[in-house]
Amino acid sequence: QVQLVESGGGLGQAGGSLRLSCAASGSIFRITGMGWYRQVPGKQRELVATISSGGTTNYADSVKGRFTISRDNARNTMYLQMNSLKPEDSAVYYCNVALLRVTGDIPIQYWGQGTQVTVPS
């Protein structure tokens, strides 16, 4: 069994910062891709940022230059540093992890439970 535990959401301030964490635990052989997504009521879940096992990053245009995704492979943990927050960043943020449970396995994607980020206008 694999678990993803997110933390770090909450109430932010416009222009301020928040840091999200996503820790994976359980039957994990190797994590490949990791990413953050967000969703607001009535809209589809959208990609925020991804990071490959080699550290290559990709960002949505709306967060480029403000958000930084990183990972600690030794801890199976991913982070999202969010700076210069805007009200439109308010959403439920989900972490997504693709991992192999055993050697030779096919990568399987898992989702975190989501953490609310609210930035009042």
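In strand β11, the residue that bridges to Leu 11 is Thr 118. That contact belongs to the pairing of strand β2, residues 10-11, with β11, which is parallel and has two bridges. When I say strand, I mean a DSSP run of E with at least two residues, numbered from the N terminus, and two strands pair if DSSP finds at least two bridges between them.

Before I go on, a word on what we are looking at. This is a predicted model, where local features need pLDDT of at least 70 and side-chain atom pairs count only at pLDDT 80 or more, while totals for chains, interfaces and linings use all residues. Residues are numbered from 1 along each chain as its sequence is written, and side-chain values use heavy atoms, with hydrogens and water left out.

Let's stay with β11 for a moment. Which strand joins β11 through three bridges? That is β9, and the two run antiparallel. Here Val 92 stands opposite Gln 116 of β11. Now look at the side chains of β11, residues 115-118, which alternate. Thr 115 and Val 117 point to one face and are buried, whereas Gln 116 and Thr 118 point to the other and are not. For burial, the cut-offs are under 20% relative accessible area for buried, over 50% for exposed, and partly exposed in between, with a 1.4 Å probe and protein chains only.

Next, please turn to the open sheet. It has four strands in the order β1-β3-β8-β7, with antiparallel pairing. At the edges are β1 (2-7) and β7 (67-72), each of which pairs on one side only. Neighbouring strands in this sheet are turned by 15 degrees against each other on average, direction ignored; the axes behind that angle are lines fitted to C-alpha atoms, and angles run from 0 to 180 degrees between N-to-C directions. Inside the sheet, β3 (residues 18-26) and β8 (residues 77-82) are antiparallel partners over six bridges. One place to find them on your screen is Leu 18, opposite Met 82 in β8.

Strand β3 also brings us to the disulfide. The structure holds one, and the cut-off is a pair of cysteine sulfur atoms within 2.5 Å. Which cysteines form it? They are Cys 22 and Cys 95, with sulfur atoms 2.2 Å apart. Cys 22 is in strand β3 and Cys 95 in strand β9 (residues 91-100), so the link ties together parts that are 73 residues apart in sequence. The link of Cys 22 and Cys 95 is right-handed, with 50 degrees about the S-S bond. Both Cys 22 and Cys 95 are buried.

On to the rings. A search of the whole structure turns up one aromatic pair. Rings of Phe, Tyr and Trp (its six-membered ring) pair if their centres lie within 6.5 Å, with planes under 30 degrees apart counted as stacked, over 60 as edge-to-face and the rest as tilted. Why is the pair of Tyr 37 and Trp 111 called edge-to-face? Their planes are at 65 degrees, with the centres 5.1 Å apart, so that is the class they get. Tyr 37 is in strand β4 (residues 30-39) and Trp 111 in strand β10 (residues 108-111), 74 residues apart. Trp 111 is partly exposed, at a relative accessible area of 40%.

Trp 111 has a charged neighbour too: the charged end of Arg 45 sits over its ring, 4.6 Å from the centre. Arg 45 also lies over the face of Tyr 94, 3.6 Å from that ring centre. The test here is NZ of Lys or CZ of Arg within 6 Å of the ring centre and within 35 degrees of the ring normal.

Last, the salt bridges, of which the structure holds six. Each is a side-chain nitrogen of Lys or Arg within 4 Å of a carboxyl oxygen of Asp or Glu. My favourite stop is Asp 89, which forms a salt bridge with Arg 38, the closest N and O atoms being 3.1 Å apart. Asp 89 is in the loop between β8 and β9, and Arg 38 in strand β4, 51 residues apart. Asp 89 also forms a salt bridge with Arg 66, at 2.8 Å between the closest N and O atoms. Arg 66 and Asp 89 are both buried, and Arg 38 is buried as well. Which residues make up the network of salt bridges? Arg 38, Glu 46, Arg 66 and Asp 89 are linked in it.
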